[in-house]
Structure formats: C-alpha cells, structure tokens
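Student: I have a structure open in my viewer and no clue how to read it. Could you walk me through a few features?

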Amino acid sequence: MSLLITNIGELVTNAPRDAVSVAVPGPFEAMANAAIVVDGGLVAWTGPAAAAPAADEMVDAAGRAVLPGFVDSHAHLVFAGERGAEFAARMAGLPYSAGGIRSTVAATRAAGDDVLRSNLSRLAGEMLAQGTTTFECKSGYGLTVADEARSVALAGEFTDEVTYLGAHVVPPEFDGRATAYVDLVCGEMLAACAPWTKWVDVFCERGAFGPDEARAVLAAGAAAGLQPRIHANQLGPGPGVQVAVEAGAAAADHCTFLSDADVDALAASGRTVATLLPGVEFSTRSPYPDARRLLAAGVTVAIASDCNPGSCFTSSMAFCIALAVREMRMTTAEAVWAATAGGTRALRRTDVGHLGIGARADLVMLNGPSHAYLAYRPGVPLIAGVWRSGRRAA
Ligand SMILES: [Zn+2]
C-alpha cells in the first residue's frame, strides 16, 4: 500500500531538492506546499503538492508541517523508581552530583524484569507519541554482570540502538576498588552484554571514571565489536572530549564545559558528533553548552533528551528543541536538524533523520504550519501524527 500525504504547509526533508536518491542526511532543507509519497515503508517521492502522483491512500495535511521523525541518540530508560524528591531538593538549592545515580541502581537491582520492561515500554510509547521514531537506550543502572546483561537485553526488545554503560558509576560494593570494577566492566560484564549491544559508553567525569579508565573501557568494548560513544565534559572541564576523539567515538555527549582545544579536536575529527542535552541543564539549573561556538567551528551538533530519572526526566525532543533555540541560540532550523539528522549522524545511521528518496518513512506531522512551531509554541501538544516505516504509529 502506498501513501500520499499532500497539502503539506512545510515539508522538512534534510535532503537536496533535486536528488533522485539520497543515501545520507544532507543539510537542513524544507519546501512549502509540498507532498510526500511513501511506498514499502520508504520515502518514494517528495515534491510540490500540485505535482504529486496518485497513491493507494491519501492524507490531507491541511497546511500542517511534516518533518522526519526525531532521532534521540541519548537516553537511559532501563531503570526502576523515580527521583522527584531529589529534583525538588535541587530546585531548593542542593547541587547535582553523579552520586545520585546510586539510588536508581539500588531500585533497579531490586526490581523484577517485568517492572523494568513495563517502565521501558511506557517511556518508549511516550517518546513515539511525541514524534521520536528512533532512540538509543543505555544500560548503567544494574552495575552487576547479571543486572547489566538483563538491562541490555530488555533495551533490545525496544530498539536496535543499545548501549552498554557498565561504566556509569562505581557501584557502592566497589567503593575504594575502582580498578577492580573497571576490570569487571572490561571483562566478564562486557562479555555478558556484548551480544545484545551495538555501543559502549563511559561516564568520563570527576566522581565517575577518569581518562585512563575511560580509554580502557572503550578499547575493551571495541575489541568486543562495540562502537564507542562517551559522556564527556558535563559537570566541569575534563579529558572526556579528547578521549572521545582519540577513540574515534561516534559522539561526545554533553560538551557543556569545553576548552578551545576540545572544540578544535571535535572540528578536526570530522566524525565525532557533539551531542548537546539541554534538558539536563534545564533540570539541574546549570549553564547551557555553547552551541554557537561549536557550530561556528564546524562541529556536527546533535540534540538528544538524555531521558533518565535523575538529571533530566523529559522524553520530549520538542522541549529540547525549544531549549536549544531559546537558551543556546540555535536557529529553529539548526535545532530541528540537530534533533533529526544530527542524531542520525551520532548513531552512524543513514536511513533515518531525513526524507530523501529511499529513507525510512519515519514522519512527524505538527499541529502548525512550520518547524518553527516546535520552539514558538513550547509545552503545547504539537504532534498531529507519527508514522514509522510508513505506518501510522501515533
Ligand atoms: Zn546520559
């Protein structure tokens, strides 16, 4: 069954207008008064509504905007419990530190698989309803061999983009024995998780893991066939970005505190995306990353949610786009590109995040005539429809 969506006020494609077939996302591109045809789950045609071919089924967008589905390249969804009280305390003046992760670790270890699965299912559904059609999901709240292995296995029930984050924090039973824990992460725990996992990640930060430990974790992951990504430079200046570039990581995530050398290294790498997670700065009342500095240097920027129960419990990419525009001074086009094609680059994918011919037909229709509404009308339910692989999903 082919599907024609016509009378689209603005169709954001992230693909060159005259391309016959596009294998990768291009720069931000949009056309007015457009239509799109989907066939076999893929984009088959885009162009002016007046020139649209017929299809088996037709949807009238009535002037609404249509965008590629959001690609959320950073989320922690395998956990139990919640930390609303910690958030309230933080808003009352207590600082955020990496140590709060331990309370979620305790709740996650105590939870049955059914509890973790239903929580994950609820959050994945919440994301889809808000237009996120591809998401990455990390382990990292189990921190034992068995609990990390079940975390990645459960994540794999909901997404192909599964990340092993055994190196999230040192769990309490390894207090004072961080080296022994890193050995476990690089050894038995990695072996148990690798079959379910595409990515290896490490929280390289004061209070979590240092640069040598991060290098060891990424190298062990690479030796097991996993691709590297990293949590870097979130809470203060540090070596994380340099470690990411050295390791050829797909992405360095957070990038809140960067030196000139860090920005230069990201720009020169040509392959390590800077993923900004402005929901975290919002939720921890911290300074936002300097997106303009990264963009000016030619760094590829992605925006993701970092949805997790501690530092940022939003799953809304629209909210993150609004923050990127309002607080980080990205243009609406830059922010939407970063939340779609940018996320695709950060996941080293080519099939999503754009609507070039042959791309997966993951679409979001907005209750508004342009992509700018995502920032112009923050906090408003803007999603009129979601299609994944050409099928209506929400
Ligand atoms: Zn994170």
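Tutor: Sure, and let's start with a pair of charged side chains: R229 and E136 form a salt bridge, with their closest N and O atoms 3.8 Å apart. R229 lies in the loop between β10 (227-228) and β11, while E136 is in strand β7 (residues 132-138), so this pair ties together parts that are 93 residues apart in sequence. Keep in mind that this is a predicted model.

Student: Are R229 and E136 buried or exposed?

Tutor: Both R229 and E136 are buried.

Student: Which residues are linked with them in a network?

Tutor: The salt-bridge network links E136, K138, D201 and R229.

Student: How many salt bridges are there?

Tutor: The count is 18, going by a cut-off of 4 Å between a side-chain nitrogen of Lys or Arg and a carboxyl oxygen of Asp or Glu.

Student: Can you show me one inside a helix?

Tutor: Look at R150 and D147, whose side chains meet in a salt bridge at 3.0 Å, N to O. They sit 3 residues apart in helix α4 (residues 145-155), which means about one helical turn separates them. Now for accessibility: "buried" needs a relative accessible area under 20%. R150 has 16%, so R150 counts as buried, and D147, with 14%, is buried too.

Student: What about a pair where the two partners get separate labels?

Tutor: Try R349 and D351, which form a salt bridge at 2.8 Å, N to O. R349 has a relative accessible area of 15% and is buried. D351 has 29%, so D351 counts as partly exposed.

Student: I also see a metal. Which residues coordinate the zinc ion?

Tutor: To read a metal site, list the donor atoms and then look at their angles. Here the zinc ion is coordinated by NE2 of H74, NE2 of H76, NE2 of H231 and OD of D306, at 2.0 to 2.4 Å. H76 lies in the loop between β6 (70-72) and α1 (84-91), and H231 is in strand β11 (residues 230-232), so the pair ties together parts that are 155 residues apart in sequence. Both H76 and H231 are buried.

Student: Why is the arrangement around the zinc ion irregular?

Tutor: The 4 donor atoms subtend angles of 80 to 172 degrees, and that makes the arrangement irregular. For four donors to count as tetrahedral, all angles would have to lie between 85 and 135 degrees.

Student: How do I read the backbone angle phi?

Tutor: Most residues other than glycine have a negative phi. That gives you a quick way to spot exceptions. R348 is one with a positive value, near 50 degrees, and R348 is found in the loop between α14 (341-346) and β15 (363-366). S389 also has a positive phi, near 50 degrees; look for S389 in the loop between β16 (383-388) and β17 (391-392). R348 counts as partly exposed at 32% relative accessibility, and S389 is partly exposed with 32%.

Student: Last one: how do I look at a single residue and its surroundings?

Tutor: Ask where the residue is, how accessible it is and what it touches. N233 is found in the loop between β11 and α8 (240-246), and at 1% relative accessibility N233 counts as buried. A polar atom of the N233 side chain lies 3.0 Å from the backbone nitrogen of V241. Leaving aside neighbours within four places in sequence, N233 is in contact with several residues, including C204, E205, H254, F257 and D262.

Conventions: Residues numbered from 1 in each chain as written. Predicted model: local features only at pLDDT ≥ 70, side-chain atom pairs only at ≥ 80, totals over all residues. Heavy atoms only, no water. Donors = N, O, S within 2.8 Å, 3.2 Å for Na, K, Ca; no water. Tetrahedral: all angles 85-135°; square planar, octahedral: opposite > 155°, others 65-115°. Helix = DSSP H or I, 4+ residues; strand = E, 2+ residues; numbered from the N terminus. Buried < 20%, exposed > 50% of the residue type's maximum accessible area, 1.4 Å probe, protein only. Polar contact = N/O pair within 3.5 Å; in protein donor to acceptor, adjacent residues only side chain to side chain. Contact = heavy atoms within 4.5 Å.
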